[in-house]
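Biologist: Please take one part of this model and describe it closely, beginning with a single pair of facing residues and working outwards to the strands, the loops and finally the whole chain. Please state the cut-off behind each term as you use it.

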Amino acid sequence: TAAATNSGSQWRRFSMSYLFRVLYNYQNKDILNGSFRRDGSSVFSGVGNTWDNFYSLGAGWIASDEDFMKGIDWINYLKIKGSWGVLGSENTGGNNYPSYPTLTSAGSAVFGDEIIPGYTYQYLVQNLRWEKTASWESGFESKLLNRRLSLEAVYYNKRTKDIIVSLASRTGAQNSLENLGEITNQGIETAISWGDKIMNTGISYNIGVNFTTIKNNVVSLGRDEGDAKYSNASRTIAGFPIAHFYGYKVIGLYQNEEDIYQSPINTVVTVKPGDMKFEDIDHDGKITTKDRTMIGNPTPDLTYGLSLNLGYKGFDLGVDMMGVYGNEVYRNWGNASTYAQLNYRKANLNRWNGEGTSNWEPILNPSRAVNNLPSTYFIEDGSFFRIRNLQLGYTLNKALLNKLYLKSLRVFANVQNLKTWHKNSGYTPEIGGSALEFGVDSGGYPMPAIFTMGINLTF
């Protein structure tokens with residue numbers, strides 16, 4: 001009989017909060033709200049500050065209700081707003097019991113004829129505390145031209161401090177789990193919409209556009225400037241975006257032995273004709289690991305959305321679209337080490353197979369390790385545009401509904417993910433991952449288009 005095995009895990013967590021909030025409204029024009037909360041979590045029991053304080057303050061001014069705005073007919077509503085606050089997170093990097101580190105292998109010892117493995121704590125227990133995000137934003141909301149045009153814009157700035165980081169020691173001392181990380185995110189969020197009716201046609205419509213910019217930067221990751229977290233082709237270090245792609249810049253292919261001789265010597269791996277040629281970033285006359293640099297950013301500069309809604313008599317049409325711009329994808333499939341012979345990407349048809357045949361697609365030879373090192377060869381444009389949802393419906397008129405003794409009846413057809421325009425060679429450009437490694441395309445499953453039909457019926 002076959003033996004059956006199973007495994008699982010469970011954990012407990014307890015949290016408690018006290019919240020105090022105050023609201024102030026003067027003549028529906030001047031609005032002020034403030035909050036104070038004290039949060040406690042069992043995560044930090046025994047390792048630091050179980051309790052911490054958080055607070056926020058927000059203000060709004062309905063300028064359109066002021067007397068000096070009464071004569072401006074094209075401004076129907078205008079609100080100036082701003083807020084500032086500090087929020088907390090009990091995230092401990094997936095460790096639910098940080099005061100009880102797991103054991104890890106640490107050498108071995110020989111006693112007689114036996115080899116006894118040694119173990120040590122994965123990290124030293126530190127005085128951990130809550131992760132804090134201090135953020136502020138300011139902007140406005142408005143409705144213009146008889147409320148047909150809506151416009152909202154906000155500038156935001158967030159700084160997250162005391163991020164819990166598991167950091168390896170440079171001196172050989174024990175690893176640590178500490179509140180060492182700090183990152184910033186800032187940008188603009190904007191939403192614009194226009195809704196109206198076309199006279200004498202029965203057609204109503206609404207068009208909406210929204211976009212968000214983001215600039216991410218790691219301020220600190222540890223005690224020293226050079227402290228970094230590496231995860232395959234991703235690196236997180238102060239002064240750069242989080243989880244940016246890290247590797248070599250490819251400037252061509254070695255065409256012959258003379259080309260290799262005339263180029264900076266590669267001290268990392270042995271190179272031959274047909275292999276990738278890397279840029280000498282530090283200009284020391286040779287290719288070393290110090291020539292690795294930022295080669296891409298998985299965080300987009302801009303995310304945006306478009307929407308269109310049409311109505312005509314009982315018919316309605318809704319289209320929802322979205323996209324991102326300015327990010328890169330790291331292609332982690334299709335190289336010589338991941339596919340069997342004669343099963344390669346179509347791009348490899350233009351591979352190097354002799355002097356002058358290609359200056360970009362390297363030779364197909366799994367033994368050439370240099371061609372599998374993280375480099376710009378694997379970087380692809382991650383921008384895309386997608387028709388996310390398309391729906392067409394029809395609602396029966398009241399006269400017919402009364403004859404059928406119904407309150408409402410609507411039939412519809414819907415398509416999700418109808419079409420995606422993208423530039424990367426994988427099935428989809430929308431790739432997730434972890435906080436320290438995302439945007440890496442490992443050949444995942446494509447996003448399916450989903451077709452549905454239905455009826456909404458109310459008696």
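Modeller: Tyr-330 stands opposite Val-440, a residue of strand E28. The model is a predicted one, in which local features need pLDDT of at least 70 and side-chain atom pairs count only at pLDDT 80 or more, while totals for chains, interfaces and linings use all residues. Residues are numbered from 1 along each chain as its sequence is written, and side-chain values use heavy atoms, with hydrogens and water left out.

The facing pair belongs to the contact between strand E22 (residues 328–331) and E28, which run parallel and are joined by 2 bridges. Strands (E, at least two residues) and helices (H or I, at least four) are DSSP runs numbered from the N terminus, and two strands count as paired if DSSP finds at least two bridges between them. In general, strands of a sheet pair through backbone hydrogen bonds, in either a parallel or an antiparallel sense. Here 3 strands make up an open sheet with mixed pairing, in the order E23-E22-E28. Its edges are strand E23 (379–381) and strand E28 (440–441), each of which pairs on one side only.

Glu-328 is also found in strand E22. With a relative accessibility of 24%, Glu-328 counts as partly exposed; on this scale buried means under 20% relative accessible area, exposed means over 50%, and partly exposed lies in between (1.4 Å probe, protein chains only). When neighbours within four places in sequence are left aside, the residues in contact with Glu-328 (heavy atoms within 4.5 Å) are Phe-245, Gly-296, Asn-297, Pro-298, Ile-379, Glu-380, Gly-382 and Gly-439. Glu-328 and Tyr-377 are 49 residues apart in sequence, and their C-alpha atoms are 12 Å apart in space.

The loop between E22 and E23 holds Leu-373. Outside its neighbours within four places in sequence, Leu-373 is in contact with Tyr-248, Val-268, Val-269, Phe-278 and Phe-378. From Leu-373 to Val-219 the C-alpha separation is 28 Å, with their positions 154 residues apart in sequence.

Other strands of the chain pair in the antiparallel sense. Strand E9 (residues 176–198) and strand E10 (residues 203–213) run antiparallel and are joined by 10 bridges. Within this pairing, Lys-197 has Ser-204 of E10 as its bridge partner. The hairpin of E9 and E10 has 4 residues between the strands, and Asn-200 there takes a positive phi near 65°. E10 is also joined to strand E20 (residues 302–312) by 11 bridges, again antiparallel, and in this case Asn-210 stands opposite Gly-305 of E20.

A further hairpin is that of E1 and E2, which pair in the antiparallel sense over 12 bridges. One facing pair is Leu-23 with Asn-33 of E2. This hairpin has 3 residues between its strands, and Gln-27 lies in the loop between strand E1 (15–26) and strand E2 (30–41). Gln-27 has a phi near 55°, a positive value in a residue other than glycine. Gln-27 counts as exposed because its relative accessibility is 53%.

His-283 also has a phi near 55°, positive although the residue is not glycine. His-283 is placed in the loop between strand E17 (276–278) and strand E18 (286–287), and at 69% relative accessibility His-283 counts as exposed.

At the level of the whole chain, there are 2 helices and 29 strands. The radius of gyration is 29 Å, whereas a compact globule of 459 residues would have one near 23 Å; the radius is taken over C-alpha atoms, and the globule rule is 2.2 Å times the number of residues to the power 0.38. Along the principal axes, the C-alpha atoms fill a box of roughly 90 × 65 × 60 Å. Of the 459 residues, 36% count as buried. Among contacts between residues at least 6 apart in sequence, 63% join residues at least 24 apart.

The exposed area is about 27,400 Å², of which carbon and sulfur atoms supply 55%; accessible areas come from the Shrake-Rupley method with a 1.4 Å probe, and for residues only the protein chains shown count as cover. The chain carries 43 positive and 42 negative side chains, and the centres of the two sets lie 9 Å apart. Lys and Arg count as positive and Asp and Glu as negative, with His and the chain ends not counted; each charge is placed at NZ of Lys, CZ of Arg, CG of Asp or CD of Glu.
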